[in-house]
Amino acid sequence: QVQLVESGGGLVQAAGSLRLSCKVSGGTFWSYTMAWFRQAPGKERKFVAGISRNGGVMQYEDSVKGRFTVSRDNRQNTVDLQMNSLKPEDTAVYYCAATLRYSVVTDHPTYSCWGQGTQVTVSS
């Protein structure tokens with residue numbers, strides 16, 4: 001059974017940085033397309049960033065382009081999200097997700113495996 005465990009969330013001031021990490025176990029990591037989603041209180045879960053199996057293709061939601069960077073290490077079975085220039089509107093619970101689909105997709109029902117989430121709070 002595939003397990004995803006996020007870490008690295010916390011409280012940061014606006015314009016600060018955080019790095020989230022997701023450790024995957026119990027599956028063949030390189031066979032999964034990975035993504036980060038976020039969900040703010042009272043809002044829908046939304047795609048933030050995704051990365052293909054070999055790390056060659058990355059996709060970002062428009063509001064985080066140029067500020068966030070997704071990466072993966074297929075030897076360590078981890079996927080990271082480097083978040084710079086954080087804004088209060090980035091405040092949310094961030095989730096790591098995995099799918100066996102070949103391409104990066106933005107709709108959350110496609111992803112069959114999810115972590116428990118990590119809270120990111122950006123103060124103004």
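Contact here means heavy atoms within 4.5 Å. The structure is a predicted model.

**Exercise 1. Contacts and cores**

Task: Find which residues Leu81 contacts beyond its neighbours within four places in sequence, and place Leu81 in the largest nonpolar core.

Solution:
1. With neighbours within four places set aside, the contacts of Leu81 include Leu18, Arg19 and Leu20. Trp36, Val48 and Ala49 are also among them, as are Phe68, Thr69, Val70 and Tyr94.
2. The largest nonpolar core has 29 residues. Leu81 belongs to the group that touches the most other members, together with Leu4, Met34, Trp36, Val79, Met83 and Tyr94.
3. At least two residues of this core come from each of β3 (18-25), β4, β5, β7 (68-73), β8 (78-83), β9 (92-99) and β11 (118-123).
4. A separate, second core holds seven residues, including Ala35, Phe47, Ala97 and Tyr111.

**Exercise 2. Ala35**

Task: State where Ala35 lies, whether Ala35 is buried or exposed, and which residues Ala35 touches.

Solution:
1. Ala35 sits in strand β4.
2. Its relative accessibility is 0%, so Ala35 counts as buried.
3. Not counting residues up to four places away in sequence, Ala35 touches Phe47, Ala49, Gly50, Tyr95, Cys96, Ala97 and Tyr111.
4. As a check on distance, take Met83: 48 residues separate Ala35 and Met83 in sequence, and their C-alpha atoms are 14 Å apart.

**Exercise 3. Cysteines**

Task: Determine how many disulfides the model has, and explain why Cys113 has no bond to the closest cysteine sulfur.

Solution:
1. The cut-off for a disulfide is a pair of cysteine sulfur atoms within 2.5 Å.
2. The sulfur atoms of Cys22 and Cys96 are 2.2 Å apart, and these residues form a disulfide.
3. The link is left-handed, with -80° about the S-S bond.
4. Cys22 lies in strand β3 and Cys96 in strand β9, 74 residues apart, and the pair thus links distant parts of the chain.
5. Cys22 is buried at a relative accessible area of 0%, and Cys96 is buried with a value of 0%.
6. For Cys113, the closest cysteine sulfur is that of Cys96, and because the distance is 9.7 Å it is too far for a bond. Cys113 counts as buried, at 15% relative accessibility.
7. The count is one disulfide.

**Exercise 4. Positive phi**

Task: Locate Asn77 and Ser85, and give the phi of Asn77 and of Ser85.

Solution:
1. Most residues other than glycine have a negative phi.
2. Asn77 is not a glycine, yet its phi is positive, about 60°. Asn77 lies in the loop between β7 and β8.
3. Ser85 is also a residue other than glycine, with a positive phi near 50°. The loop between β8 and β9 contains Ser85.
4. Ser85 is partly exposed, at 41% relative accessible area.

**Exercise 5. The largest pocket**

Task: Describe the volume of the largest pocket, its lining residues and their classes.

Solution:
1. The largest pocket holds about 260 Å³ of space.
2. Its lining has 15 residues, and Arg38, Ala40, Lys43, Lys46 and Glu89 lie nearest the centre.
3. β4 (33-39) and β5 (46-51) are the elements that give two or more residues to this lining.
4. By class, nine lining residues are charged, three are polar and three are nonpolar.

Key:
Residues numbered from 1 in each chain as written. Predicted model: local features only at pLDDT ≥ 70, side-chain atom pairs only at ≥ 80, totals over all residues. Heavy atoms only, no water. 1 Å grid on protein atoms, 1.4 Å probe; cavity = no way out; pocket = protein on both sides within 12 Å on 5 of 7 lines; lining within 4 Å. Points joined across faces, edges and corners; volume = space filled by probe spheres on them. Helix = DSSP H or I, 4+ residues; strand = E, 2+ residues; numbered from the N terminus. Nonpolar A, V, L, I, M, F, W, Y, C, P; charged D, E, K, R; others polar. Core = buried A, V, L, I, M, F, W, Y, C linked by side-chain atoms within 4.5 Å. Buried < 20%, exposed > 50% of the residue type's maximum accessible area, 1.4 Å probe, protein only.
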